[in-house]
Amino acid sequence: MKEVLDYIKENWKNSIREPQNGVPYPFTSPSIEIMYKDFYYWDNYFINKGLLLDGYEDQVKNNLDNIAYFINKIGYMPNANTLLNRTQPPFFSRMIRDYYEFKKDKGILNLYLPTLLKEYKFFMTKRINKFGLNEYKCDTNDEDIKIHYDGLACRVEQYSDTREGQLRIGKDIIAIAESGLDFNMRFKTKESRIDISKFLQLDINCIMFDVENNIAYFYKELGDNANSKKYTELANNRKDLINKYFLTEDGIYLDFNFVENKFSSIISAISLYPYLFGISNDKSGAKKIFDKLNLEYGVTVCEKRDDTIFYQWDYPTMWGEFTLFIFDALMNVGLTKEAEITKIKFINVIDSNFKKYHKLFEKYDATNGKISNAEYQSPDMLGWTAAAYRILSDIK
């Protein structure tokens, strides 16, 4: 709808904020009004895509420079400039690639590759486990962990009467927040709904496979074939580990509970990551996931289950960035009909709500097409909602 596209193009500038609170360059925040006014990590992967399409390429450079600043200063890009105790899904390599392929300037690779390698080192030293896989985790102090328990236990509805139990829950809260999907039930066990420390996590390892392939690509573009080959081999070795630990007998990918030696009982959009990042091209596996998540008004993050508690990254919420990921994953394996369904449902929901409210929102309910207020009231004009709409609207 032209009115939505005009609103997006006009309002990108209203999400750009002057340097503040430790951010050295002008930055884009997810919201234009009340709720999210800080500089967030993975949000800006999607935001940058929208900015490039709408002529804000100079702001994309600012966002990249801000991320590089934090990585060079503290070793990683934090969740946000005001949330320093954790990182988020490492999409810096994808941001660099998008910007490089837009500008066609190898100076971009020379500028950002050393910083990208620093981030890669952080994940390979601070976020690595005994299985040789990466993980989201909590490594902050007990006082900070207790603060997170006190503030968020009510949101996840997970409690303990002991300090030991509260710290365990607080660590799980922070680790899941680091995954960007705060909160969801992928790590549910008999003891806890958010038992992430017992699981090998599919998403971070698919993303790191992509990081390694992007580094290999950057080195190849710069004429360094030896390092390009090195990172290609690292990616191929990771692919083998992903297929070893996360691929079920049913031909789908799930997080793996290595303590209890069983897969997660929750099918989510994360199970489409192997198809999104090129680890698998199995059309039948991707179709099984799509069929579980496809609802009347869109594709949700998690399948429906017999439960009374549903978090925001859960049934029946539809998010713009995951709609974009799901669309790309389905296209990658040749499920063009399913991809078209995903795109059309999302666009229709955005259009119908825009006609009523004249705004975009963070998340929507895929069962009724309305705004979702799961966990909290959905704020308006979230960057990745706008970016997903902008990108999908261009695809005919």
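Biologist: Let's start at the end of helix 3. Which residue follows helix 3, and what is the sign of its phi?

Modeller: Glycine 75 comes after helix 3, and its phi is positive, near 100 degrees. Please keep in mind that this is a predicted model.

Biologist: How many residues does helix 3 have, and what span should I expect?

Modeller: A helix can be checked with a ruler, using 1.5 Å times one less than its number of residues. Helix 3 runs over residues 57-74, so its 18 residues should span 26 Å, and the distance between its end C-alpha atoms, 26 Å, agrees with that.

Biologist: Which residues of helix 3 are buried?

Modeller: Buried here means under 20% relative accessible area. In helix 3 the buried set includes Gln59, Val60, Asn62, Leu64, Ile67, Phe70 and Ile71. Among the elements that cover the buried residues are strand 1 (16-17), strand 2 (27-28), helix 2 (43-53), helix 4 (92-103) and helix 5 (106-126).

Biologist: Now the core. Which residues of the largest nonpolar core touch the most other members?

Modeller: That core has 133 residues, and the ones touching the most other members are Phe92, Tyr273, Phe322 and Leu360. Helix 8 (residues 202-221) supplies the largest share of this core, with 11 residues.

Biologist: What is tyrosine 273 in contact with, beyond its neighbours within four places in sequence?

Modeller: Tyrosine 273 has Trp42, Asp203, Cys206, Ile207, Phe322 and Phe325 as its contacts once those neighbours are left aside.

Biologist: What volume does the largest pocket have?

Modeller: The volume of the largest pocket is about 360 Å³. It is lined by 23 residues, of which Tyr36, Tyr40, Asp182, Gln312 and Tyr376 are the closest to its centre. Helix 6 (residues 142-156) gives the most to this lining, with three residues.

Biologist: Where are the cis peptide bonds that I should look at in the loops?

Modeller: Omega is the angle to check. Aspartate 182 and phenylalanine 183 are joined by a cis peptide bond with omega about 10 degrees, and phenylalanine 183 sits in the loop between helix 7 and strand 3. Another cis bond links tyrosine 315 to proline 316, with omega about 0 degrees. Proline 316 belongs to the loop between strand 7 (298-299) and strand 8 (317-319).

Biologist: Serine 192 caught my eye. Is serine 192 buried or exposed?

Modeller: Serine 192 is buried, because its relative accessible area is 2% and the cut-off is under 20%. Serine 192 lies in the loop between helix 7 (163-178) and strand 3 (199-200). A polar atom of its side chain is 3.0 Å from the backbone nitrogen of isoleucine 194. Apart from neighbours within four places in sequence, serine 192 is in contact with Gln158, Arg168 and Phe187.

Biologist: What does the side chain of aspartate 105 reach?

Modeller: The side chain of aspartate 105 reaches the backbone nitrogen of glycine 107 at 2.8 Å. Aspartate 105 is in the loop between helix 4 and helix 5, and it is partly exposed, with a relative accessible area of 39%.

Biologist: One last thing. What is phi of glutamate 157, and what is phi of glutamate 375?

Modeller: Glutamate 157 has a positive phi near 55 degrees, though it is a residue other than glycine. Glutamate 157 lies in the loop between helix 6 and helix 7, and its 38% relative accessibility makes it partly exposed. Glutamate 375, also not a glycine, has a positive phi of about 75 degrees. Glutamate 375 is in the loop between strand 9 (363-365) and helix 14 (383-393), and at 22% relative accessible area it is partly exposed.

Notes:
Residues are numbered from 1 along each chain as its sequence is written. This is a predicted model: local features need pLDDT of at least 70, side-chain atom pairs count only at pLDDT 80 or more; totals for chains, interfaces and linings use all residues. Side-chain values use heavy atoms; hydrogens and water are left out. Helices (H or I, at least four residues) and strands (E, at least two) are DSSP runs, numbered from the N terminus. Buried means under 20% relative accessible area, exposed over 50%, partly exposed in between (1.4 Å probe, protein chains only). Contact means heavy atoms within 4.5 Å. A nonpolar core is a set of buried Ala, Val, Leu, Ile, Met, Phe, Trp, Tyr and Cys residues joined through side-chain atoms within 4.5 Å. A polar contact is a pair of N or O atoms within 3.5 Å; within protein, one must be able to donate a hydrogen and the other to accept it, and residues adjacent in sequence count only if both atoms are side-chain atoms. On a 1 Å grid over the protein atoms alone, a cavity is a set of points where a 1.4 Å probe fits but cannot get out, and a pocket is an open set with protein on both sides within 12 Å along at least five of seven lines; lining residues have an atom within 4 Å of a point. Grid points are joined across faces, edges and corners, and a volume is the space filled by probe spheres set on the points.
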